[in-house]
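Visitor: Please show me the sequence and the structure. I should then like to put some questions about them.

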2 protein chains.
Amino acid sequence: MTIGEVSEKYGITTDTLRYYERIGLIPPVPRKKNGIRDYDEESCGWVYLVKCMRSAGVQIEPLIEYVALVQANTGLERRKNILLEQREKLLAQAEHLRSTIDLLNYKIEHYKEMIPKKSRK
Amino acid sequence: MTIGEVSEKYGITTDTLRYYERIGLIPPVPRKKNGIRDYDEESCGWVYLVKCMRSAGVQIEPLIEYVALVQANTGLERRKNILLEQREKLLAQAEHLRSTIDLLNYKIEHYKEMIPKKSRK
DNA sequence: CCTTGACTTAAAGTTGACTTAAGCTGTTAA
DNA sequence: TTAACAGCTTAAGTCAACTTTAAGTCAAGG
């Protein structure tokens, strides 16, 4: 799979895909003899994981550390801790999101009551 | 209430509070004769709302528009729509967060299985 | 042969959201 | 009364995470 196809598939620009690889957010992608990236299942899996985590708000730094450990095949305990830490953050975020949505619901109800009385046009 | 007290109360620096006011994220705060800000209930309410929305990920721009409309006492319909739009975004984000947390749970389970076999130290 | 799409490094530019600096003034404690 | 403090303003600076530009090379397809 070419970088262009992967870009299409996940909605990430080719520039960003190369950037991710450069900074170690995903492990080096296998190349064809001519040096062109040839994404396999595994690389796609990494891209998917990063896309998912990043869009959920996980910072780049912990992900880079995690990827480095997986590549070095070490730090099992540390890897688990990184995942646990990030999960904690996401759980807190989800909780905060819920209460903010409640606040919005409350305000929106207020407008629903106000508006029908005015608009007629 | 001085800016310092408000800063303390909501965990927002005085710099940020002034910045918020300057860009219209909260309406102008009342002043004492000497020009020093004197936050009342209403201003504190705005600070709280902004803190809540911002930390949930709501963009500054729509909030500025909303605040401007409230101040001009117009655009009831538009205000409601802004709130509806932001709620939609937060709901989508909450859903995405949930699935990402699931993915993390899955990966963490994997590490829980791997680790006990090795570590004995 | 030439266009297309891939590749490289390195650096500058962008965006969103603050933060800091510089240079004031006004109130309070020693 | 004088020095420390908290406040004031505007403009410039910072940071993360990209994005774009420069300035090329390389190789396959029409």
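Visitor: Which exposure class does Arg98(A) fall into?
Guide: The relative accessible area of Arg98(A) is 42%. A residue is buried under 20% relative accessible area, exposed over 50%, and partly exposed in between (1.4 Å probe, protein chains only). Arg98(A) therefore counts as partly exposed.

Visitor: What kind of model is this?
Guide: Residues are numbered from 1 along each chain as its sequence is written, chains are lettered from A and ligands numbered from 1 in the order written, and side-chain values use heavy atoms, without hydrogens and water. Local features need pLDDT of at least 70 and side-chain atom pairs count only at pLDDT 80 or more, while totals for chains, interfaces and linings use all residues, because the model is predicted.

Visitor: With which residue does the side chain of Arg98(A) meet in a salt bridge?
Guide: A salt bridge requires a side-chain nitrogen of Lys or Arg within 4 Å of a carboxyl oxygen of Asp or Glu. Here the N to O distance is 2.9 Å. The two residues lie in helix α5 (residues 76–118) of chain A, 4 residues apart, about one turn of the helix; helices (H or I, at least four residues) and strands (E, at least two) are DSSP runs, numbered from the N terminus. The partner of Arg98(A) is Asp102(A).

Visitor: Which residue forms a salt bridge with Arg98(B)?
Guide: Arg98(B) is partly exposed, at 43% relative accessible area, and its partner is partly exposed too, at 45%. The two are separated by about one helical turn, because they are 3 residues apart in helix α5 of chain B. At 3.3 Å, N to O, the partner is Glu95(B).

Visitor: Which residue is joined to Arg31(A) by a salt bridge of 3.7 Å?
Guide: The bridge is formed by the side chains of Arg31(A) and Glu21(A). It links distant parts of the chain, since Arg31(A) is in the loop between α2 (14–22) and α3 (41–55) of chain A, and its partner, 10 residues away, is in helix α2 of chain A. Arg31(A) is partly exposed at 43%, whereas the partner is buried at 11%. That partner is Glu21(A).

Visitor: Which residue joins Glu21(A) and Arg31(A) in a network of salt bridges?
Guide: Over all chains, the rule counts 16 salt bridges. Some of them form a network that includes Glu21(A) and Arg31(A), and it also takes in Arg37(A).

Visitor: How many disulfides does the structure hold?
Guide: A disulfide is a pair of cysteine sulfur atoms within 2.5 Å. Over all chains the count is 0. For Cys44(A), the nearest cysteine sulfur is that of Cys52(A), 15 Å away. Cys44(A) is buried at 6% relative accessibility, and the number of disulfides is 0.

Visitor: How much area do chain B and chain A bury between them?
Guide: Buried area is the accessible area (1.4 Å probe) that two parts lose on being put together, summed over both. Of the area here, 79% is on carbon and sulfur atoms. The area buried by chain B and chain A is about 3,400 Å².

Visitor: Which element gives the most to the side of chain B that touches chain A?
Guide: Across this interface the rule finds 0 salt bridges. The elements that give two or more residues to this side are α3 (41–55), α4 (60–72) and α5 (76–118) of chain B. With 26 residues, the element that gives the most is α5(B).
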